[in-house]
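Biologist: Please show me the model, and then let us go through the reasons behind the words used to describe it.

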Amino acid sequence: MHWTFIYRQITSSVKQSAVFVACVALSMVTLVSLGGFGESVNNALFRDARQLLTADIIVESGFPFKESLNAELDRLRNTMSVQVARTFQFISIVRVADGEGSLLTDIKAVEDGYPFYGQVMLSSGRVFGKVLRSGQIIVGQNLLDRLGL
């Protein structure tokens with residue numbers, strides 16, 4: 001190491017050296033802050049994972065399940081008393097029956113027991129599981145507002 005050269009460079013350009021040290025310090029503070037923030041978000045998601053996912057395990061596919069997977073899910077349901085609720089989610093166009101309004105929307109059909117964890121909050125204050133019955137639907141207020149209903 002050429003200590004005299006380094007010392008001469010630092011003392012001859014004090015402003016540049018100060019900017020360099022400030023940039024290094026700022027980058028270190030930023031890295032530590034982002035690491036702590038990321039860890040906090042990860043911990044919060046992990047803590048609330050059940051409520052966010054509404055279940056312990058989610059099996060998802062864009063195609064119908066194979067018969068072997070359906071058989072295994074039925075076996076788990078029957079022999080191990082594992083609760084299973086199938087959900088079907090797809091995008092479709094919703095149209096007002098006597099009007100011209102239509103809207104592309106996300107439709108989700110659920111079986112009895114959904115959600116296993118957490119709650120679906122309804123604006124009426126009623127319990128989701130008691131309101132949603134076979135042949136019934138629950139519609140988001142924003143969809144009704146956008147269709148003028």
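Biologist: How many aromatic pairs does the structure hold?

Modeller: This is a predicted model, and the structure in it holds one aromatic pair.

Biologist: What makes Tyr114 and Phe128 an aromatic pair, and why is the pair called edge-to-face?

Modeller: The ring centres of Tyr114 and Phe128 lie 6.4 Å apart, and rings pair if their centres lie within 6.5 Å, so the two count as a pair. The angle between the planes is 65°, and because planes over 60 degrees apart count as edge-to-face, that is the name the pair receives.

Biologist: Where in the chain do the two residues of this pair sit?

Modeller: Tyr114 is in the loop between strand 2 (102-110) and helix 5 (128-131), whereas Phe128 is in helix 5, so that the pair links distant parts of the chain, 14 residues apart.

Biologist: Why is Phe128 called buried?

Modeller: Phe128 has a relative accessibility of 12%, and buried means under 20%, therefore Phe128 counts as buried. Of the 149 residues of the protein chain, 11% count as buried.

Biologist: How do you know what radius of gyration a compact globule of 149 residues would have, and what does the protein chain have?

Modeller: The globule rule is 2.2 Å times the number of residues to the power 0.38, which for 149 residues gives a radius near 15 Å, but the protein chain has 28 Å. The C-alpha atoms fill a box of roughly 85 × 50 × 35 Å, taken along the principal axes.

Biologist: What does the secondary structure of the protein chain come to?

Modeller: The protein chain has six helices and two strands, which follow the pattern α-α-α-α-β-β-α-α when read along the sequence.

Key. Residues are numbered from 1 along each chain as its sequence is written. This is a predicted model: local features need pLDDT of at least 70, side-chain atom pairs count only at pLDDT 80 or more; totals for chains, interfaces and linings use all residues. Side-chain values use heavy atoms; hydrogens and water are left out. Rings of Phe, Tyr and Trp (its six-membered ring) pair if their centres lie within 6.5 Å; planes under 30 degrees apart count as stacked, over 60 as edge-to-face and the rest as tilted. Helices (H or I, at least four residues) and strands (E, at least two) are DSSP runs, numbered from the N terminus. Buried means under 20% relative accessible area, exposed over 50%, partly exposed in between (1.4 Å probe, protein chains only).
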